[in-house]
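Thanks for coming. I will keep this short and talk about charged pairs first, then about one stretch of surface.

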Amino acid sequence: GETDEGEHGEAAGDDEEGASVEDELRAQLAELQKAEKEMKDSYVRSLAEIENVRTIAKRDVENATTYAATKFAKSMLEVADNLGRALDAVPSDQLEENDELKTFHEGVLMTEDGLQKAFSSHGITKFGEVGEAFDPALHSALFQFENPDMEPNTIGQVMLHGYTFKDRVLRPANVGTVKKD
């Protein structure tokens, strides 16, 4: 019977030792699973970050390509303004009397028209006309005045036309607005 007890004793000891090894293996497995989960989470976050960087870079390249001519376009607005001023400076009554002035006026008009067509073909649009509703996103109100013949909060006088470039305001229109009575 002594042998049986010794065997049972050893068996009980083996069970304890086997259980502690099993517990240790389970703990190591849990740690490895936790580390694996953390690495997967980190990997997924890294992929998301890379995709965000790609998206931002793509948008920046598209914007740079789309709006690369903004500075040049702004510099050309002064040319358009000067052509408009030249046309406005010619008294209409003298156009009928003076053939040279009429020819010169027609040439300036054709030049101004050509410039506006070139602007339009590149996404530059002129705005800011008398009678338009005032929009603070598009117009810069320099002054207000009363005019009973015009609607309040509309443009009553245009000092400088505005321009948009694609979907952005290149230059706001400088205007005088009609105020409420």
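**Salt bridges and a surface patch**

Arg-26 and Glu-22 form a salt bridge, with 2.8 Å between the closest N and O atoms. Please keep in mind that this is a predicted model. Both residues sit in helix α1, which covers residues 2-66. They are four residues apart, about one turn of the helix.

How open are these two side chains? Arg-26 counts as exposed, because its relative accessibility is 52% and the cut-off for exposed is over 50%. Glu-22 has a relative accessible area of 39% and is partly exposed.

That pair is one of several: the structure holds seven salt bridges. I will go through two others.

The next one is Lys-126 with Glu-112, where the closest N and O atoms are 3.7 Å apart. Which parts does this pair tie together? Lys-126 is in strand β1, residues 124-127, and Glu-112 is in helix α4, residues 99-121, so the salt bridge links parts that are 14 residues apart in sequence.

Is Glu-112 buried or exposed? Glu-112 has 13% relative accessibility and therefore counts as buried, the cut-off being under 20%. Its partner Lys-126 comes out at 32%, which is partly exposed.

Staying in helix α4, we come to Lys-117 and Asp-113. Their side chains meet in a salt bridge, at 3.4 Å from N to O. How far apart are they along the helix? Lys-117 and Asp-113 are four residues apart in helix α4, so about one helical turn separates them.

On accessibility, Lys-117 is exposed, with a relative accessible area of 55%. Asp-113, at 38%, counts as partly exposed.

Now the surface. Which residues make the nonpolar surface patch? Tyr-43, Val-44, Leu-47 and Ile-50 make it, and the patch is about 400 Å². I will pick out Tyr-43, which lies in helix α1. Tyr-43 has a relative accessible area of 54%, so it is exposed. Its value is also over the 30% that a patch residue needs.

To go back over the charged pairs: Arg-26 with Glu-22 lies within helix α1, and Lys-117 with Asp-113 lies within helix α4. Lys-126 with Glu-112 joins strand β1 to helix α4.

That is what I have; questions are welcome.

Definitions and conventions:
Residues numbered from 1 in each chain as written. Predicted model: local features only at pLDDT ≥ 70, side-chain atom pairs only at ≥ 80, totals over all residues. Heavy atoms only, no water. Salt bridge = Lys/Arg side-chain N within 4 Å of Asp/Glu carboxyl O. Helix = DSSP H or I, 4+ residues; strand = E, 2+ residues; numbered from the N terminus. Buried < 20%, exposed > 50% of the residue type's maximum accessible area, 1.4 Å probe, protein only. Patch = residues over 30% accessible without salt bridge, like charges linked within 9 Å, V, L, I, M, F, W, Y side chains within 5 Å. Areas by Shrake-Rupley, 256 points an atom, 1.4 Å probe, with all protein chains shown as cover.
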